Amino acid sequence: MPDTPLQQLSAHGQSVWIDFLSRSFVQDGDLEALVREGVDGVTSNPTIFQAAIAEGNAYDEQLREVLASESDPKEIFLAVAVEDIRGACDILRAKWDEKGENARDGWVSLEVDPNLARDTDATIAEAKRLHALVDRPNLFIKIPATLEGLPAIEETIAAGIPVNVTLIFSLDRHRAVAEAYIRGVQRLADAGGELGTMASVASFFVSRVDTEADKRLDAVGGHDELKGTLAIANAKLAYQTYQEVFASEQWKALAAKGASAQRCLWASTSTKNPDFRDTLYVEELVGPDTVDTMPRETVEAMQDHGQIRGDTLLEDVEGARRTFDAFKDAGIDYNDVVETLEREGVEKFAKSFEQLFEDIAAKRDQLVAA
């Protein structure tokens, strides 16, 4: 019997990634220690980088070097971020190199500028640029699952670049993302590309769904029994979509050539409501061939008191469907909830990038003046 909750998740076929990255985290041995404990990958986002670069002086020495030849805040950011990403990739490379049926981990994610989320061609160009800039085989390029992002996902996969599709909230969009991945893999196969090293995850956001839905329940009044239920139901039905889409004859033919299915990744797994158990969204979404990416505090909470009771993703799927019906009966428009979350998610990430560039510009001016 596995000793720790993270090891138990692995025994159930679920990978654990940590949603955190900083210079000290990579260089001081913290990431290596967590990998030994059972962490299988790393995700990053502009908010994480903003905090890491803006606070303290860990980046000052490299910033001074970069400033000798670069003044654009975005290019300065990429110069320093790439070093962190490469360092994390190198630490996780041994896990990525492992062979075997379930050896699909060791990935590190870097996001395209979310300000490009509505521009297909610019997203494709940025994905290719970042892939070449980092130059590590275990890099995922994160692309938002906007309507404009769907053809960018297909094109990037077809170019042989692994993709972490982010900001997925709706079941329909998740299906479209999975289908875009399959089209991209088919094109890669038709062009004679290597399928064995191609991979993708579909990052399905969890806690934000409950935050938005429960706010609407408060607005209509009553129905307190529904609070904290839509996000888990949403994820369970997304997993059903995954099982259905990747059971097609087209996919079976690609899998026979070495392709791996696009796993569901549960993102935004920290609870926002203090009334909820802090490990709720991890414990209720356990299942094979999935990924759970957690902020550092959730990883620590799971190691401290997480309880794994089985493949909870497969429990009471019909109940998940009834939950959707109950929200509809309560007057909550699911489509409007997920459309709002996508719009706000892109806006929040874009604002984080803009704030990051402002912080870098301020740091640049400070260092130049010194």
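Begin by selecting Cys-89: with a relative accessibility of 1%, below the 20% cut-off, this residue counts as buried. The model on the screen is a predicted one.

Next, select Cys-264. Cys-264 is also classed as buried, because its relative accessibility is 1%. With two cysteines now highlighted, a natural question follows: how many disulfides does the structure hold? The count is 0. For orientation, a disulfide is a covalent bond that links the sulfur atoms of two cysteines.

**Strand 7 and its neighbours**

Keep Cys-264 selected and extend the selection to the whole of strand 7. Is this strand mostly covered or mostly uncovered? Strand 7 is mostly covered, with 5 of its 5 residues buried. Colour the side chains by direction: Arg-263, Leu-265 and Ala-267 point one way, while Cys-264 and Trp-266 point the other way. Residues on both sides of the strand are buried.

Now add strand 6 to the view. Strands 6 and 7 are paired in the parallel sense, and 5 bridges connect them. To find one position in this pairing, select Val-201, which stands opposite Arg-263 of strand 7.

Then add strand 8, which covers residues 290–294. Strand 8 runs parallel to strand 7, and 3 bridges join the two. Which residue of strand 8 is the bridge partner of Leu-265? Select Val-291 to see that partner.

**The largest pocket**

Strands 6 and 7 lead to the next stop. The largest pocket has a volume of about 500 Å³. Its lining consists of 25 residues, and those closest to the centre are Asp-19, Asn-45, Ile-48, Arg-208 and Pro-295. Select these five residues to place the centre of the pocket in the view.

Which elements give two or more residues to this lining? They are helix 4 (46–54), strand 5 (163–168), strand 6 (200–205), strand 7 (263–267) and helix 16 (334–369). Helix 4 provides the largest share, 4 residues. Sorted by class, the lining contains 9 nonpolar, 11 polar and 5 charged residues.

**The cavity**

Leave helix 4 displayed and turn to the enclosed space. Empty space of this kind is revealed by rolling a probe the size of a water molecule over the atoms. A search of the whole structure finds 1 cavity of 30 Å³ or more. The volume of the largest cavity is about 30 Å³. Select its lining: Ser-44, Asn-45, Pro-46, Phe-49, Phe-77, Leu-110, Glu-111 and Phe-353. Helix 4 and strand 3 (108–111) are the elements that give two or more residues to this lining. By class, the residues around the cavity are 5 nonpolar, 2 polar and 1 charged.

**Asp-40**

Move next to Asp-40, in the loop between helix 3 (30–37) and strand 2 (41–43). Is Asp-40 buried or exposed? Asp-40 counts as buried, because its relative accessibility is 9%. Display the side chain of Lys-95 as well: the side chains of Asp-40 and Lys-95 make a polar contact at 3.4 Å.

**Gly-345**

For the last stop, select Gly-345 in helix 16. Gly-345 is buried, because its relative accessible area is 1%. Finally, select Gly-149 and draw a distance between the two C-alpha atoms. Gly-345 and Gly-149 lie 196 residues apart along the chain, and their C-alpha atoms are separated by 14 Å.

Methods
Residues are numbered from 1 along each chain as its sequence is written. This is a predicted model: local features need pLDDT of at least 70, side-chain atom pairs count only at pLDDT 80 or more; totals for chains, interfaces and linings use all residues. Side-chain values use heavy atoms; hydrogens and water are left out. On a 1 Å grid over the protein atoms alone, a cavity is a set of points where a 1.4 Å probe fits but cannot get out, and a pocket is an open set with protein on both sides within 12 Å along at least five of seven lines; lining residues have an atom within 4 Å of a point. Grid points are joined across faces, edges and corners, and a volume is the space filled by probe spheres set on the points. Ala, Val, Leu, Ile, Met, Phe, Trp, Tyr, Cys and Pro count as nonpolar, Asp, Glu, Lys and Arg as charged, and the others, Gly among them, as polar. Buried means under 20% relative accessible area, exposed over 50%, partly exposed in between (1.4 Å probe, protein chains only). Two strands pair if DSSP finds at least two bridges between them. A disulfide is a pair of cysteine sulfur atoms within 2.5 Å. A polar contact is a pair of N or O atoms within 3.5 Å; within protein, one must be able to donate a hydrogen and the other to accept it, and residues adjacent in sequence count only if both atoms are side-chain atoms.
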